[in-house]
Every structure is written in structure tokens, then in C-alpha cells.
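Dear colleague,

I am handing over the structure we spoke about, with the sequence and the coordinates placed just below. My notes on what was found in it follow after that.

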Amino acid sequence: MQSVASQTLIDIHKLNLYYGQFHALKDVTMDIPEKAITAFIGPSGCGKSTLLRTLNRMNDMIPGTRIEGKVAIGGADIYSKEVDVETLRKKVGMVFQQPNPFPKSIYDNIAYGPRLHGIRGKQKLDEIVETSLRSAALWDEVKDYLKRSALSFSGGQQQRLCIARAIAVNPDILLMDEATSALDPISTLKIEELAQELKDKYTIVMVTHNMHQAARVSNQTVFFLNGEVVEFAETEKLFSNPRDQRTEDYISGRFG
Amino acid sequence: MEQPAVMNKKRVQTGSTTRAFAKPHVIEEWVGKVYTALCILVLVITIGAIVYFVSSRGLATFFVDGVSLGGLLGGLKWEPEGDIPLYGALPFIFGSFSTSVLAALMAAPLGMCAAVFMTQIMPGFGKKVLQPVIELLAGIPSVVFGFVGLSVVVPVLRAIFPGQGIGIAAGSIVLSLMILPTITTIATDALAALPRGLKEGSFALGATRWQTIYRIVLPTTLPSLLTGVVLGMSRAFGEALAVQMVIGNSPHIPHSLFESASTLTSAITLDMGNTVMGSTHNNALWSLALILLSMTFVFVFVVRFLERRNKR
């Protein structure tokens with residue numbers, strides 16, 4: 001697979017992943033460029049979420065998972081023994097399919113990450129909360145309700161809160177695992193716009209079921225099928241002029 | 001079967017259509033409704049009867065026999081057979097409260113930590129081995145707990161501390177073992193029911209397992225954990241036999257944890273057989289039962305309150 005845009009940040013080489021007997025990822029090799037949006041598309045069970053979760057080692061928690069090959073971020077192998085998983089996850093933030101704010105106030109949700117990593121001063125935390133909420137385009141909506149429980153907000157707001165929460169620990173990479181699939185079209189649009197803004201500062205990797213979303217938002221698109229990378233190309237190229245017949249079949253809606 | 005009135009609109013149409021929408025399950029429906037209604041009626045009548053009986057007897061102490069409410073609740077001397085009968089139940093109330101509170105204080109941290117271990121740290125082993133073992137503990141008859149208390153706990157306490165070994169300390173240790181399964185089981189269910197997304201969200205921010213447990217898991221499930229503790233306390237409050245075997249049963253407020261004391265339940269079970277129905281002594285025992293019953297209601301209300309807070 002060729003690298004499409006600028007500098008490579010995530011380098012995946014001959015990655016194989018097994019859940020017990022099941023071979024979930026087969027010889028995945030790709031270079032994900034920094035400060036751009038890379039979208040993973042493909043039918044359910046094709047391994048796109050699995051690959052996403054190898055990037056912050058969330059698969060570690062699933063018993064029976066085995067990994068071969070190399071995943072390097074900024075040149076450092078994240079599966080080497082010296083790697084501290086918590087530090088890795090601080091650098092690689094994640095937003096999930098279902099908005100999952102903690103049952104705490106907006107403020108405490110955002111401050112959760114910074115507090116974990118040892119930031120205590122109120123002034124410093126106030127500042128982080130404000131900048132994170134501003135980056136997630138949520139500040140104007142919630143600035144008067146920072147003490148209110150995060151659960152009292154709408155799904156779209158909760159999801160942007162989760163993005164703000166991820167940003168608050170100052171990551172390099174933001175993983176979005178079907179982050180809009182539980183949201184209505186307007187909230188989805190807001191998150192997509194937000195992703196566009198955030199890609200100037202963060203490297204974004206998103207998994208999506210929605211091909212149109214990938215086409216609208218991403219710079220590169222990767223098409224997966226049965227655990228294999230079928231095609232990795234610039235988004236425009238992949239959707240207008242796919243090289244592989246299977247990609248064409250999928251994006252034209254002939255299966256999946 | 002006759003067509004029910006609801007089907008009127010259909011009746012205008014041909015006979016076959018009407019039959020197609022007939023209700024062949026009407027009798028079944030009714031049998032089910034009547035049967036379940038009867039069951040609930042039996043329950044309600046039983047509970048109502050118990051409450052009425054205990055209250056009428058228990059209140060007779062005050063209204064018929066002229067014992068003052070303050071004298072019963074606040075009196076320090078229980079001498080129903082004395083020349084001047086005294087019905088001070090404070091030692092029993094004190095004994096019941098102190099044993100169940102101490103038992104809860106001992107069992108709550110143990111049960112919660114056990115639940116954390118079973119659900120967060122070793123979920124596989126916890127579910128397959130530990131949980132059945134703990135549930136087994138819940139099935140052990142209370143006389144066995146009392147017996148173990150008498151032959152193990154009391155001698156150990158006697159060897160270490162001054163006194164005979166019997167008393168509040170022995171009672172609450174035995175009780176804490178008895179309520180441990182209740183607290184553990186409810187805590188385990190609460191922790192297992194925690195949405196996975198919350199924990200993942202915490203891990204994804206770089207939290208360690210401990211940070212996730214004490215910053216997210218425990219605070220989120222706290223109302224359910226407390227529900228378990230309150231239910232455990234309410235079981236401890238009502239337990240008679242096991243406590244009676246190890247507490248000594250003297251009707252005084254003890255000066256230490258290792259001095260013979262008594263509880264409401266043990267006072268009732270020990271004395272009930274020796275009194276005549278309708279006598280003041282007998283009625284006073286019913287008053288003790290009424291106190292127990294009211295406390296049970298209080299516990300139920302507290303649990304309800306916690307559950308409502310949990311749902312939010």
C-alpha cells in the first residue's frame with residue numbers, strides 16, 4: 001500500500017490478529033498520514049473496528065486476542081514490552097459508537113483525564129475544560145451548565161462531550177469508532193464538521209458504516225473485506241475510480 | 001365460542017372473516033388473570049394480617065396495660081416478673097442496632113471488595129467458581145452459623161480479650177458472615193450490570209484498572225452497593241437464632257463488646273414460651289416485635305430510596 005499524503009504517523013506492517021481461532025486481521029499493511037482524516041469502511045465484521053482498537057491497544061482487554069506483526073506510532077512499536085499502555089492511550093484518544101459520558105458533571109467529565117494524569121490546580125483545569133469544550137464546539141451550549149450532569153444532555157451533545165474529553169488529555173491521534181452511528185443527521189453533521197476542524201491539530205482515524213460519510217469527511221479511505229485491506233487510496237480516487245472490482249461493488253451498493 | 005363485543009365492526013363482514021379474527025384464548029386469559037390476582041391477594045392478606053396482629057398486640061401494652069411508650073423505648077431495666085414489673089427495652093434495641101451495624105461495617109468492605117475482584121479483576125474465575133461458593137454460603141442454615149460461632153468465634157475472643165467471649169462482638173462477627181453473601185451478591189450484580197462503555201471510556205483516557213475502579217466503577221454503582229448493605233443490615237436485624245447462641249442474652253446494655261448482651265429477637269424467642277397470651281409480659285414482647293417490624297419497614301424505604309436515586 002502506498003502512502004497517500006504527507007508524513008506517515010502510524011505505520012502498520014504485516015499485522016495479523018486472532019480472536020482465539022478466528023483470524024480477524026490478515027496481513028494488514030498501511031501507512032496512515034498525520035494531520036488528516038483516514039476512514040475505514042467495509043461491511044460488518046470485516047475487521048475495521050478491530051484494527052482501530054489495535055491502535056490504542058483496547059483489544060488487550062479481550063481475552064484470547066493474539067497479535068503478530070508491527071504497529072508503530074511515530075516510529076515506536078506500540079506492542080513492544082517497554083510500552084506503557086496508559087501513556088499510549090493518553091496519546092491515542094478514542095470516541096466510541098455509543099456516547100459514553102461518565103455519570104458526573106460536564107466539568108468532571110472533561111477534567112477526568114487531566115486529573116488521572118496528575119493535573120490538580122483549579123485554574124489549570126478550568127482552562128483545559130474551556131479549551132477542550134471550545135475545540136469540540138460545545139462551549140457556547142454548555143458554558144452555563146458545567147456543573148450539570150452530563151447525562152442530562154442530548155446524544156449529539158454527549159458525543160461532542162466525549163470528543164472534548166478525549167481532547168482534554170492532549171492526544172496526537174483521535175480514533176472515532178462509528179462515532180455518529182447512534183446520532184441523528186443534524187448531530188452527525190456537527191460531528192463531521194468538527195472532525196474537519198480537528199484534523200488540523202490531530203490525526204483522525206474513523207471507522208464508519210456510512211460510505212457517504214467517508215466520502216464527505218475523509219482524506220484517505222481504506223476498504224476492508226474479511227479482515228483484509230482491499231484498497232487504500234485517496235478518498236476521491238477510491239470513490240470515483242476504484243482499482244479493485246470488490247471496492248466498486250461495495251461502494252455502488254452491490255453488497256454489504 | 002361467542003364473538004366478543006369488541007369484534008362488532010368485523011361482524012358486518014362475512015362470517016368467515018369474523019371467525020378469522022375470533023378470540024379463542026379468552027378463557028385462558030381469564031384463568032391466568034384470576035389465578036395471579038388470587039396469589040397476590042393471599043400475599044396482601046397475609047402481610048396485612050401480620051401487621052394488624054403485631055400492632056394490635058404490641059400497642060395493647062401501651063393502651064390496655066398502661067406501660068408508657070417512653071418507658072419501653074427508653075427504659076434500662078427489663079424485669080417483667082419483678083414485684084414492680086419493668087419493661088425497659090432499650091438494652092434489646094441497643095443490642096439489635098449495635099450488632100447489625102457492626103456486622104454491616106465488617107461485611108460491607110469485604111463483600112464489596114470480593115465483588116470487585118469477581119467482576120473486575122478475575123471475571124472468568126469469579127463467575128465460575130467464586131460466585132457459586134458465595135451463594136452456597138447464603139444457603140447455610142443460621143443454626144450452623146451460630147454453632148460455628150459458639151465453637152470457634154467465642155473461644156477465640158475469650159482467649160484474646162477479657163471476659164467470656166460471648167457478647168456483641170461475637171454476635172456481630174457471626175452476623176457479618178451471614179450477611180456477607182447478601183452484600184456480595186448484590187454488589188456483584190450491580191458491578192456486572194455497569195455498562196461496558198463507561199469502563200472503556202475510562203481506559204481509553206489512559207486510566208489504569210484501579211483508577212477506573214475507584215473513580216468510575218465504585219461511584220457509579222454506589223447506590224446499588226448501599227442497597228446491598230442495607231438489605232444485609234435488615235437481615236442481621238431480624239436474625240434471631242445465630243445471635244442468640246453467642247450473645248449471652250442478659251438484658252443489660254453491656255460496658256464492652258465482650259460482655260453478655262441481648263437483642264430484640266433473642267428476647268422474643270427466649271421469653272415467648274414462658275408467658276401467657278394476653279398478659280402484660282406477653283404484650284410487651286409483641287411490642288418488641290412491633291419495633292422489629294417498623295425497623296424492617298424503615299429498611300425497605302431506605303432501599304427504595306436508594307434504588308430510585310440509582311435510576312435517576
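**What was found**

A:R57 counts as buried, since its relative accessible area is 13%, and please keep in mind here and throughout that the model is a predicted one. This residue sits in the loop of chain A that runs between α1 (48-54) and β4 (65-73), and its phi is positive, at about 55°, although A:R57 is not a glycine. As background, most residues other than glycine have a negative phi. A:A137 also has a positive phi, near 55°, and it too is a residue other than glycine. A:A137 belongs to the loop between α4 (122-135) and α5 (139-142) of chain A, where its relative accessible area of 40% makes it partly exposed.

**Chain A as a whole**

The secondary structure of chain A consists of 10 helices and 10 strands. Its radius of gyration is 18 Å, close to the 18 Å that the globule rule gives for 256 residues, so chain A is as compact as a globular protein of that length. Taken along the principal axes, the C-alpha atoms of chain A fill a box of roughly 55 × 40 × 35 Å. Of the 256 residues in this chain, 53% are buried, and the accessible surface of chain A amounts to about 11300 Å², with 47% of that belonging to carbon and sulfur atoms. When contacts in chain A between residues at least 6 apart in sequence are considered, 67% of them join residues at least 24 apart. Chain A carries 31 positive and 32 negative charges, and the mean positions of these two sets are 5 Å apart.

One residue of chain A that may be worth looking up in the viewer is A:G156, which is part of helix α6 (residues 155-167). With 5% relative accessibility, A:G156 counts as buried, and, when residues up to four places away in sequence are not counted, it touches A:L183, A:S187 and A:I191. The C-alpha atoms of A:G156 and A:A179 are 9.9 Å apart in space, while the two residues are 23 apart in sequence.

**Chain B as a whole**

Chain B has 13 helices and two strands. Its radius of gyration is 27 Å, well over the 20 Å that the globule rule gives for 312 residues, so chain B is more spread out than a compact globule. The C-alpha trace of chain B spans about 90 × 65 × 35 Å along its principal axes. Buried residues account for 42% of the 312 residues of chain B, and of the roughly stated surface that this chain exposes, about 16900 Å², carbon and sulfur atoms supply 71%. Among contacts in chain B between residues at least 6 apart in sequence, those that join residues at least 24 apart make up 68%. There are 21 positive and 14 negative side chains in chain B, and the centres of the two sets lie 19 Å apart.

**Aromatic pairs and two residues of chain B**

Over all chains, the structure holds 10 aromatic pairs. One of them is formed by B:F97 and B:F237, which meet edge-to-face with 5.0 Å from centre to centre and 65° between the planes. This pair links distant parts of the chain, with B:F97 in helix α5 (residues 90-121) and B:F237 in helix α10 (residues 209-238) of chain B, 140 residues apart. The relative accessibility of B:F97 is 32%, so it counts as partly exposed, whereas B:F237, at 3%, counts as buried. Elsewhere, ring pairs link B:W78, B:Y87 and B:F92 into a cluster.

Helix α10 of chain B also contains B:T227, which counts as buried at 7% relative accessibility. Apart from its neighbours within four places in sequence, B:T227 is in contact with B:V303, B:L306 and B:E307.

B:K199, finally, lies in helix α9 (residues 196-204) of chain B. Not counting residues up to four places away in sequence, B:K199 touches B:Q120, B:L194, B:T212 and B:V217. The C-alpha atoms of B:K199 and B:I168 are separated by 41 Å, with the two residues 31 apart along the chain.

With kind regards

Technical notes. Residues numbered from 1 in each chain as written. Chains lettered and ligands numbered in written order. Predicted model: local features only at pLDDT ≥ 70, side-chain atom pairs only at ≥ 80, totals over all residues. Heavy atoms only, no water. Helix = DSSP H or I, 4+ residues; strand = E, 2+ residues; numbered from the N terminus. Rg over C-alpha atoms; globule rule 2.2 N^0.38 Å. Buried < 20%, exposed > 50% of the residue type's maximum accessible area, 1.4 Å probe, protein only. Contact = heavy atoms within 4.5 Å. Areas by Shrake-Rupley, 256 points an atom, 1.4 Å probe, with all protein chains shown as cover. Lys, Arg positive; Asp, Glu negative; His and termini not counted. Charge placed at Lys NZ, Arg CZ, Asp CG, Glu CD. Phe/Tyr/Trp six-rings, centres within 6.5 Å; stacked < 30°, edge-to-face > 60°.
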